[in-house]
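Thanks for coming, everyone. I have one structure to walk through today. Please bring it up on your screens.

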Amino acid sequence: MSKTGISTESGTMIRRIFFALPGQKRQMVYLGSISMAAAQALQAKIQAIIDDKRAQRRHDDEVYNWIRNMDDTLHAKLAAKGLFPARTAIEKTRLGPFIDAYIVLRIDVKPNTRLHLQRARRDLVGYFGAERPLADVTEGDAEVFRLTMRKRLAENTVRRLCGRARQFFKAAAKQRIILNNPFGEMKAINVKANKAREYFLSSDDAEKILAACPNPEWKLLFALSRYGGLRCPSEHLALRLSDVDLANGRLRVPSPKTEHHEGRGERMIPIFPELRPYLAAVYDEAPAGDGYLIRHHRGANSNLRTQFARIVTKAGLKTWPKIFQNLRSTRETELAETFPIHVVCAWLGNSQAVAKKHYLQVTDEHFRRAATAHPPAQQGSVTAYNDEQQGTSFCETTEQCVGLHNCTTVQTPRVGLEPTTQRLTAACSTS
């Protein structure tokens, strides 16, 4: 690890300090005529800043306040060397204009993500004010903002909002506009699983909904969610006719939500028996070419959630929370009963951690099966063996060692100080 150093001109008190930022060449700052004690104090602070940069951590309050209270001349010298942002940049950057510019630059995000960023901008600017200097927002301000938002928003909504705020201020810190991210050390801002909002849609109720669907496309939209586990509406509307392979029983699912992750732009799922008739019905009636599988319900005014809620009511059922996500959750829970979890996650397009936290459910059927299951058989004597099984053991009936295939009353060894093993042989001779 590189260290800072001090040099002194011979016969004077003129000092220079040397240091190297991570990944950069060694630099020098002229300090003028100061005492060695003052130079060493400055050296210690610069070393602390370099250590923080190398470890990618925020400055502690002592270093932060030292930077803020530094005289303009020294501040300008050290800022020019890249130790921290210049004061002019800090003073001129306001919250509202910075977030607006950040959102404009994020051409890589989906329209829905952009909408969430704009909503977070609205809440931050509504609380702090558009002209609030970024550098003036402290960790204490961030915590009060969070507590204030909790008075009118749900807990997970507040968590998402604070996560977006952290994102904005992190970008400002990367551009060296601010020294520390006031939301950077905030705990518990990941979305928390809410088990009270889980709902498992049984197969019987699914059949009622299918019967209430007004046309084949709506039956397929529902079946893709309930029996295919697709994300609605993004994955449903991305499906094309060429994605359907009825002959081999496979469906390629483009995934707009995860396509920015390498290798996760699409996935292959089986055409499950419950899904096949509704998929085949729409596929067979589609016009020639490689058009979209779902041709209707694609407009900006097509609110699938509202329409589906009406279908559920028509089926004589009550709507449930997270109306589409719980269909996907139901399917993942079902599949996990039959297939290994890594296979299920590959089909559903999520990680095992996300599946366990947000999708897999403990259902009433699990409790029913557990309450009615027969207890496991107790381990006891071994009373029968196939002719192919070989080996020897001490037979208590004949009081001699015999081949296992000749004995029907062999007992498992008694448990003593040594653990039992799979081998049922005794240390004796067969002669």
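**A walk around helix α10**

Let me start with a single residue. Histidine 297 is buried, with a relative accessible area of 19%. That counts as buried because the cut-off is under 20%. You will find histidine 297 in the loop between α12 and α13. Its phi is near 60 degrees, a positive value in a residue other than glycine.

One caution before going on. This is a predicted model.

There is a second residue with that kind of backbone. Alanine 188, also not a glycine, has a positive phi, near 55 degrees. Alanine 188 sits in the loop between α8, residues 155–174, and α9. Is alanine 188 buried or partly exposed? Alanine 188 is partly exposed, at 44% relative accessibility.

Now the overall picture. The protein has 431 residues, and 39% of them count as buried. The secondary structure comes to 17 helices and eight strands. Take the contacts between residues at least 6 apart in sequence: 57% of these join residues at least 24 apart. The exposed area is about 25100 Å², and carbon and sulfur atoms supply 52% of it.

On to the main element, α10. This helix covers residues 216–226. How many of its 11 residues are buried? Nine are, so the helix is mostly covered. The buried set includes Trp218, Leu221 and Phe222. Glu217 and Arg226 are buried as well.

What do these buried residues pack against? The list has five helices' worth of entries to look up, plus a strand: α9 (203–212), α11 (234–238), α12 (276–285), α13 (304–314) and α14 (325–336), with β5 (250–254) as the strand.

Look at the start of α10. There, a side-chain oxygen of asparagine 215 comes to within 3.2 Å of the backbone nitrogen of glutamate 217.

Next, the pairing with α13. The axes of α10 and α13 are 12 Å apart, and the packing angle is about 100 degrees. Angles of 65 to 115 degrees count as roughly perpendicular, and therefore α10 and α13 are roughly perpendicular to each other. From α10, the residues involved are Trp218, Leu221 and Phe222. They meet Leu304, Gln307, Phe308 and Ile311 in α13. Keep helix geometry in mind here. An α-helix has 3.6 residues a turn, so residues three or four places apart point the same way.

Now arginine 331, in helix α14. Arginine 331 is buried, at 4% relative accessibility. Where does its side chain reach? To the backbone oxygen of tyrosine 227, at 2.8 Å. Leaving aside neighbours within four places in sequence, arginine 331 is in contact with Ser225, Arg226, Tyr227, Gly228, Gly229, Phe272 and Glu274. Two of those names belong to the buried set of α10: Ser225 and Arg226.

Follow the chain out of α10. Proline 233 is in the loop between α10 and α11. The peptide bond joining cysteine 232 and proline 233 is cis, with omega about 10 degrees. Cysteine 232 is buried, at 19% relative accessible area.

Cysteine 345 is buried too, at 5%. How many disulfides are there? The count comes to zero, with a cut-off of 2.5 Å between cysteine sulfur atoms.

To close, go back to α10 on your screens. Nine of its 11 residues are buried, and α13 crosses it roughly perpendicular.

Methods. Residues numbered from 1 in each chain as written. Predicted model: local features only at pLDDT ≥ 70, side-chain atom pairs only at ≥ 80, totals over all residues. Heavy atoms only, no water. Buried < 20%, exposed > 50% of the residue type's maximum accessible area, 1.4 Å probe, protein only. Helix = DSSP H or I, 4+ residues; strand = E, 2+ residues; numbered from the N terminus. Contact = heavy atoms within 4.5 Å. Polar contact = N/O pair within 3.5 Å; in protein donor to acceptor, adjacent residues only side chain to side chain. Areas by Shrake-Rupley, 256 points an atom, 1.4 Å probe, with all protein chains shown as cover. Axes fitted to C-alpha atoms, helices over the stretch in contact; angles between N-to-C directions. Parallel < 35°, antiparallel > 145°, perpendicular 65-115°, else oblique.
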